[in-house]
Amino acid sequence: MAHDRRLNLVLCWHMHQPDYRDPRTRQYQSPWTYLHAIKDYVDMAEHLERTPGARAVFNFSPILLEQLDDYARQLTGHLQNGQPLSDPLPAALAVPEFPTQDEPRLALLKNCLRANRKRMIEPFEPYHRLVRIGERMATEAGGARFLSDEFLADLVTWYHLVWLGEIARRADPEIKALLKQGKEFTLAQRRGLLGIIAKQISSIGVRYGKLADAGSIELCMSPWGHPILPLLLDLGTTREAMPDAVLPSLSAYPGGLERSRWHIEHGLRSFESYFGRRPVGCWPSEGSISTATLRLLADAGYQWAATGEAVLRNSARATGIAADHPDLGNTAWHLPGSNLKLFARNYALSDRIGFTYADWHGDDAVGDLIHRIEQVAKHCTLETTPVVSIILDGENAWEYYPNNGFYFLSALYRRLSDHPSIRLTTYAEILKESPPREMARVVSGSWVY
């Protein structure tokens, strides 16, 4: 690669949760949407806010956005006028008395034990002590009845403290005071913590919107309910990726085309309602694409989509292009007659963040990643500027990292922003600059092929 030509690097973080609400009662059956909101969505935004020059792409599933909006409205209503909460876990922060019946008391106890032991329980000794006692009593018949309300008050408070983002734990004076106090939390303190949670969740749309307005991030989306569009459109595309797969006797998914359009169109409305803008890009659910899927996305007005590197290589192989060429995944592609640009996830780099670096020292992990990116640049022969895409889950990985990935992410954005031959950018920016190459057809598949 020429010395005056920086490699374009896109960090694309995918935020997604299924709908945890019971379709009949609308009660939340699991708390993961709001817990990841206060731990990951807030932290991930603040890393960008703290690092001038950093850039990233954030992909949200619209069903997640709808739940975030629901939580924000419910929590605010509860704190202001006592509106009931449809999730019993945050509600437990604000109750003066805990349930006396065995079943709900045991359910609360078990819920407050669900956290990564190495990263979220053991580093906090007061919580670790509560967990050890709670685990013992959870296995005893009627054991939850022998735990006092004071014990449950401390447990539910600590549970939410460890699920907060690392930056909030370091910077917010009220949170720091609770961490220092460590026990005997009052109802007023618990309600104060619930107020912090409500404020954080309510701020997510505004904060990401401001980052997008400043050009620090690009916002994009997946179809509404995270469907696998190629299968909705044509079950037979399964055989392009898995020739020996056993398929249903149905010739096609009932109403698949209409359902696919609905997930795209309703998703766009939800996304625009939440962020006040329409996205130009899409990470299809699990990076799953087919020729029909790409045409449907193009018809909806998308300008880019992304998929797995293996999909691109298998598509190249099927069309006579050298599938093992090192440049293959480092440029934009398009189908004949289509303006939709297609980018490929670099699986080796992405998976190192997702599955390898959690136990590394943050600086060492970032140094290793940058070295590998530099090697990609070194072996590129493209006449146009190479594009490397790191795409992965932006929420679930960090509970396996020390301090919610604080040291790794801080170093990652800082060192990449300052790197002389790497340019952190977004797909929207690349669309303006890099002409795509043509791929005669795509072979269906997902990021795992």
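## Exercises on pockets, rings and cysteines

The largest pocket has a lining of 16 residues, and those nearest its centre are Arg345, Phe355, Leu392, Asp393 and Trp447. The model is a predicted one, in which local features need pLDDT of at least 70, side-chain atom pairs count only at pLDDT 80 or more, and totals for chains, interfaces and linings use all residues. Residues are numbered from 1 along each chain as its sequence is written, and side-chain values use heavy atoms, with hydrogens and water left out.

**Exercise 1.** Describe the lining of the largest pocket by element and by class.

*Solution.* Start from the term: on a 1 Å grid over the protein atoms alone, a pocket is an open set of points with protein on both sides within 12 Å along at least five of seven lines, a cavity is a set where a 1.4 Å probe fits but cannot get out, and lining residues have an atom within 4 Å of a point. Next, the elements giving two or more residues to this pocket's lining are α16 (347-356) and β8 (387-393), where helices (H or I, at least four residues) and strands (E, at least two) are DSSP runs numbered from the N terminus. Finally, the lining has seven nonpolar, five polar and four charged residues, with Ala, Val, Leu, Ile, Met, Phe, Trp, Tyr, Cys and Pro counted as nonpolar, Asp, Glu, Lys and Arg as charged, and the others, Gly among them, as polar.

**Exercise 2.** Classify the aromatic pair of Trp304 and Phe343 and place it in the chain.

*Solution.* Rings of Phe, Tyr and Trp (its six-membered ring) pair if their centres lie within 6.5 Å, and planes under 30 degrees apart count as stacked, over 60 as edge-to-face and the rest as tilted. The whole structure holds 23 such pairs. For Trp304 and Phe343 the centres are 6.4 Å apart and the planes make 75 degrees, so the pair is edge-to-face. Trp304 belongs to strand β5 (residues 304-308) and Phe343 to strand β7 (residues 341-345), so that the pair links distant parts of the chain, 39 residues apart. Both Trp304 and Phe343 are buried, that is, under 20% relative accessible area, whereas exposed means over 50% and partly exposed in between (1.4 Å probe, protein chains only).

**Exercise 3.** Explain why Cys220 and Cys282 form no disulfide with their closest cysteine sulfurs.

*Solution.* A disulfide is a pair of cysteine sulfur atoms within 2.5 Å. The sulfur of Cys220 has its closest cysteine sulfur in Cys12, at 4.7 Å, which is too far for a bond. For Cys282 the closest cysteine sulfur is in Cys220, at 7.5 Å, again too far. By this rule the count is zero disulfides.
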